[in-house]
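Here is a short report on a protein model. Please look over the sequence and the coordinates before reading on.

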Amino acid sequence: MQRRRFLSALGAGAAGLAAAPFVSTANAAEGETIHWKMVTSWPKNFPALGTGANEFASLIGQLSGGRLQVKVYGAGEMVPALEVFDAVSSGTAQMGHSASYYWKGKVPAAQFFTAVPFGMNTTETNAWLYHGDGMKLWDEIYARHNLKPLAVGNTGTQMAGWFNKEVNSLADMKGLKIRLPGLAGEVMNRIGASAVNLPGSEIFTAMETGVIDATDWVGPYNDLAFGLHQVAKYYYSPAWNEPSAILEGTVNLEAWQALPEDLQQVVIQAARIANHAMVDEFALRNATALTSLVEEHGVELREFPQDVYAALFKASNEVLDEFIAKDEDARRVYESYRAFQQQVAPWTRIGEQGFLDARARVLGES
């Protein structure tokens, strides 16, 4: 009830501001409704990711008092899953919802705006975006590609992935074919595995047919929805590769600049609400889905042995050092990211981790 009153009040306030909205490439008459398209990398209405895009679009409509309406298209409905960046940049659609590490071939530094191996957790990452230089750097880099970026969701800490055989030592990783995008994929290649990038819709079939031997996706909630427990027995944690994973919103920069300032603020605030709402949802849905996977479907939880983690950490540092040496934007973003992580990590360790350790001891949590 409080949330509905809050949205209603903001929507009424936005609707009461006189401004000429943007329709297509020309300013419309005062009071005319703006209609935008949002293309996504997710199957239509896919839990959390797809529904998160829907929630973002709905919030924009509510907060704008109906002045800005956004229609959401699932992967393949307007453009393929991995063509969202180009579609929004070119103006085929005004908005996109995806993950920035899919564009590493176009914008190498974009990978840092999804996840960094052994990087910050979700709270730390949001702090970097909103109170550090994260959003400033993201804006600067994407402006060159005719895009305005936004954080529109976060999966929280993910799982390390599904494997069709148990990993008992580093030797078991050699030659393994794994779906793993972004910087983490390069790390896997470095320790002897072979990483590929596939959209979510292709993962199940690739595992079922043996095209790949292992895969990451997100976490229990989304993995259960994809039925990955049907094609792999072993489920590994925690996600060294994606300790936090930002969901990216993009807006065509020309469309963005044509919006009146109050509607720009509507989009910004809707993104921030949707960002935190997804984190909250995953906290519950992952917990219930994990119980279902283990107790109902017999999934076996595992952790990588220490030699695998050590090799992944060493390779992560090597990959990152080499990566930032080749790309100036990547260097600037990574230096900002790493400096912020070093600044906030002591409090995370003493405060959050200290409490979780103490709670586990007294409550017998496992």
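This is a predicted model. Asn146 is buried, at a relative accessible area of 19%. The cut-off for buried is under 20%. Asn146 sits in the loop between helix H5 (134–143) and S6. Its phi is positive, about 60°, although Asn146 is not a glycine.

Asn45 also has a positive phi, near 65°, and is a residue other than glycine. Its loop runs between strand S3 (34–40) and helix H2 (49–63). Is Asn45 buried or exposed? Neither: with a relative accessible area of 45%, Asn45 counts as partly exposed.

The table sets three loop residues side by side.

| Residue | Loop between | Relative accessible area |
|---|---|---|
| Asn45 | S3 and H2 | 45%, partly exposed |
| Thr114 | S5 and H4 | 2%, buried |
| Asn146 | H5 and S6 | 19%, buried |

**Thr114 and its contacts**

Thr114 belongs to the loop between S5 and H4. Its relative accessibility is 2%, so Thr114 counts as buried. What does Thr114 touch, leaving aside neighbours within four places in sequence? The contacts are Ala99, Ser100, Tyr101, Ser244, Ala245 and Ile246. Ile246 is itself a buried residue of S12. Ala225 is another matter: Thr114 and Ala225 are 111 residues apart in sequence, and their C-alpha atoms are 22 Å apart in space.

**Strand S12**

S12 spans residues 246–252. Seven of its seven residues are buried, so the strand is largely enclosed by the rest of the structure. Both faces are covered. On one side lie Ile246, Glu248, Thr250 and Asn252. On the other lie Leu247, Gly249 and Val251.

Which way do S5 and S12 run? Strand S5 (residues 95–98) is antiparallel to S12, and four bridges join the two. In this pairing, Met95 has Val251 as its bridge partner. Strand S6 (residues 147–154) is also antiparallel to S12, with six bridges. There, Asn154 stands opposite Ile246. Strands of a sheet pair through backbone hydrogen bonds, either parallel or antiparallel.

**The six-stranded sheet**

An open sheet has six strands, in the order S9-S8-S10-S7-S11-S13. Its pairing is mixed. Strand S9 (194–196) and strand S13 (300–303) are at the edges. Each has a single partner strand, so one side of each is left without a neighbour in the sheet.

S13 runs parallel to strand S11 (residues 234–237), joined by four bridges. Ser237 of this pairing stands opposite Glu303 in S13. Ser237 also takes part in a cis peptide bond, with Pro238, where omega is about -10°. Pro238 lies in the loop between S11 and S12.

**Packing of H4 and H12**

How do the two helices meet? Helix H4 (residues 122–131) packs on helix H12 (residues 328–363) at an angle of about 130°, with the axes 10 Å apart. That angle makes H4 oblique to H12. The crossing is right-handed.

From H4, the contact is made by Glu124, Thr125, Ala127 and Trp128. From H12, Val333, Ser336, Tyr337, Phe340, Val344, Ala345 and Thr348 take part. By class, the contact has seven nonpolar, three polar and one charged residues.

Definitions and conventions:
Residues are numbered from 1 along each chain as its sequence is written. This is a predicted model: local features need pLDDT of at least 70, side-chain atom pairs count only at pLDDT 80 or more; totals for chains, interfaces and linings use all residues. Side-chain values use heavy atoms; hydrogens and water are left out. Axes are lines fitted to C-alpha atoms, for helices over the stretch in contact, and angles run from 0 to 180 degrees between N-to-C directions. Angles under 35 degrees count as roughly parallel, over 145 as roughly antiparallel, 65 to 115 as roughly perpendicular and the rest as oblique. A crossing is left-handed if the near helix is turned anticlockwise from the far one by less than a right angle, and right-handed if clockwise. Contact means heavy atoms within 4.5 Å. Ala, Val, Leu, Ile, Met, Phe, Trp, Tyr, Cys and Pro count as nonpolar, Asp, Glu, Lys and Arg as charged, and the others, Gly among them, as polar. Buried means under 20% relative accessible area, exposed over 50%, partly exposed in between (1.4 Å probe, protein chains only). Two strands pair if DSSP finds at least two bridges between them.
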